[in-house]
Amino acid sequence: MNSVSPTAAQYIRGVMQDELVEGRRQLALEQQGSFGLRSPQTPDRGREAAEEPDEMDKLKAKLMSAWNNVKYGWTVKSKTSFNKMSPITLLGHSYLLNSEDEVERFRLAFVSRIWLTYRREFPQLEGSTWTTDCGWGCMLRSGQMLLAQGLLVHVMPKDWAWPDAQQLTDVDFEVFRPRSPARAAGVPIPSFGSPRGSNTPEKSNSEAPKCSQKKRPESIRDQQAEPIHHKLVTWFGDQPHAPFGVHQLVETGKGSGKKAGDWYGPSIVAHILRKAVAKTSVVQNLAVYVAQDCTVYKEDVVRLCDLSLSQTPPDPSSQAWKSIIILVPVRLGGEALNPSYIECVKNILKLDCCIGIIGGKPKHSLYFIGFQDEQLLYLDPHYCQPVVDVTQVNFSLESFHCSSPKKMPFTRMDPSCTIGFYAKNKKDFESLCSAVSMALSSSKEKYPIFTFVEGQGQDYGLEGHSSNHSVPAAHILPLGKQGRSNNRRNSDEFVFL
């Protein structure tokens, strides 16, 4: 069923109704099996009877996995159209697609992001029968992509681009003039090559358009960084010992009452990522801070980053400072996104320090990395691919990069999300606080999405969720709107199908 190349992966807009009905029916079976009630065993049934539920659980998990592999293992080819007259914002950089050079810049920037999707046939998750995360792991995958972007900024050269992205020609989007009669009459940029299967023969490398053959000044530097790129991807491999792989994230989530097969909200995933970075030694000089009650407490960040405070006695003149990823779980409305926050979200995505937003649309997790006009740009984890053995030397990176940008209206964005930022040093952190505060002030609402304050906050951490993981991510709304939002299920009870 996976005959479509991952580099040409396209996604269905929404899930068809019959699939939703079938999914709920299968979920009911699962809840009665792997994660639900089991009939009590009588003592005299013996060892063979005692093992029967395990076999039944295994069978049900296999059926559920097979159904999800089919559901997410195929794609529909379509093209995303971009307005050549409006700038596209992608993780703090702006692109105006009115020339081949600009389109190529955007293409390189997009394809170079790490894309992490559903995988199948990986080693069994400990304490379960799952060998795939299809159907339930989308928020974990979105969280992986957010962390991967932070690590790219942390360990790779500035403005790094994947050298092999130059060779991809299956980039399925087109640029159109805003007043063209129809999108089909848009203006595809020739440097992307002809879509495979068209009547135009595919160009060989020697016949490729001149634009795609241009050498970036940084290309030699980027090529030299490829071993680091490979190493970074291995950290997210679907192997039990990969520090940021699904196996480790699920294991970390057990402390919050989560298990394989459960659905994870953007708030709980933020805490899981913090724990995962804290307990590994593969990433040097990096910490993760998760905001509490929509507040970033500056002194708490300083205590995480300022290495001079750990010296005895403390050395105020020391310049030692850890880089920091700041994750801010927020809620941008009640039942739906509050339109007043859209301009604020745009301004946040324009910042160099922003590494993206994990959230999605209702029942569908996505990783947002930019926007054009009133459309969000995202990477979608809902594509099931075979597991890649990242322990092999020079394993293929193709399935970890996506060449198919997708958009969706801001109005479809679920209000529960987690926003990510990165600061390399103390000066960057101070600039981050100033720039983000300025972006937050653009909201039309009386109260900002979140705030920076001096001092320390109470240490909730992941353990705070384990005792009562139904507690929603804190958010601020005008008093007149709080009553409606209280009736909504909290962010950690997202249902992703």
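## Trp136 and its neighbours

Let us start with one residue: Trp136 touches Tyr118, Leu125, Trp130, Val246, Val250, Ala260, Gly261, Asp262, Trp263 and Tyr264, leaving aside residues up to four places away in sequence. Contact here means heavy atoms within 4.5 Å.

A word on the model: it is predicted, so local features need pLDDT of at least 70 and side-chain atom pairs count only at pLDDT 80 or more, while totals for chains, interfaces and linings use all residues. Residues are numbered from 1 along each chain as its sequence is written, and side-chain values use heavy atoms, with hydrogens and water left out.

## The protein as a whole

The protein has 14 helices and 15 strands; these are DSSP runs numbered from the N terminus, with helices (H or I) of at least four residues and strands (E) of at least two. Of its 497 residues, 54% count as buried. Buried means under 20% relative accessible area, exposed over 50%, and partly exposed in between, using a 1.4 Å probe and protein chains only. Among contacts between residues at least 6 apart in sequence, 76% join residues at least 24 apart.

## Two nonpolar cores

A nonpolar core is a set of buried Ala, Val, Leu, Ile, Met, Phe, Trp, Tyr and Cys residues joined through side-chain atoms within 4.5 Å. The largest one has 72 residues, and Trp136 is among those with the most contacts inside it, along with Leu90, Leu151, Phe236, Phe244 and Tyr264. Helix α4 (residues 138–155) gives the most to this core, with 8 residues. Apart from it lies another core, of 46 residues, including Tyr289, Leu332, Leu366 and Val436.

## Helix α12

Val436 also appears among the buried residues of α12, which are Phe429, Leu432, Cys433, Val436, Ala439 and Leu440. Seen down the helix axis, these buried residues fall within an arc of 135°, so they line one face of α12; the arc is that of the directions from the axis to the C-beta atoms. On the other side of α12, Lys427 and Met438 are exposed. Elements covering the buried residues include α10 (298–305), β8 (323–331), α11 (342–349), β14 (416–423) and β15 (451–453).

Helix α12 spans residues 426–440, and its 15 residues reach 21 Å from first C-alpha to last, close to the 21 Å expected at 1.5 Å a residue. That expected span is 1.5 Å times one less than the number of residues. At the N-terminal end of α12, Asn425 acts as a cap: a side-chain oxygen lies 3.2 Å from the backbone nitrogen of Lys427.

## Aromatic pairs

Rings of Phe, Tyr and Trp (its six-membered ring) pair if their centres lie within 6.5 Å; planes under 30 degrees apart count as stacked, over 60 as edge-to-face and the rest as tilted. By this rule there are 13 aromatic pairs. The rings of Trp235 and Phe244 have centres 6.5 Å apart and planes at 85°, so this pair is edge-to-face. Both Trp235 and Phe244 are buried.

Phe421 and Phe450 make a tilted pair, because their ring centres are 6.1 Å apart and their planes stand at 55°. This pair links distant parts of the chain: Phe421 is in strand β14 and Phe450 in the loop between α12 and β15, 29 residues apart. Phe421 is buried at 1% relative accessibility. Elsewhere, ring pairs link Phe82, Tyr95, Phe106 and Phe110 into a cluster.

How values were computed: Polar contact = N/O pair within 3.5 Å; in protein donor to acceptor, adjacent residues only side chain to side chain.
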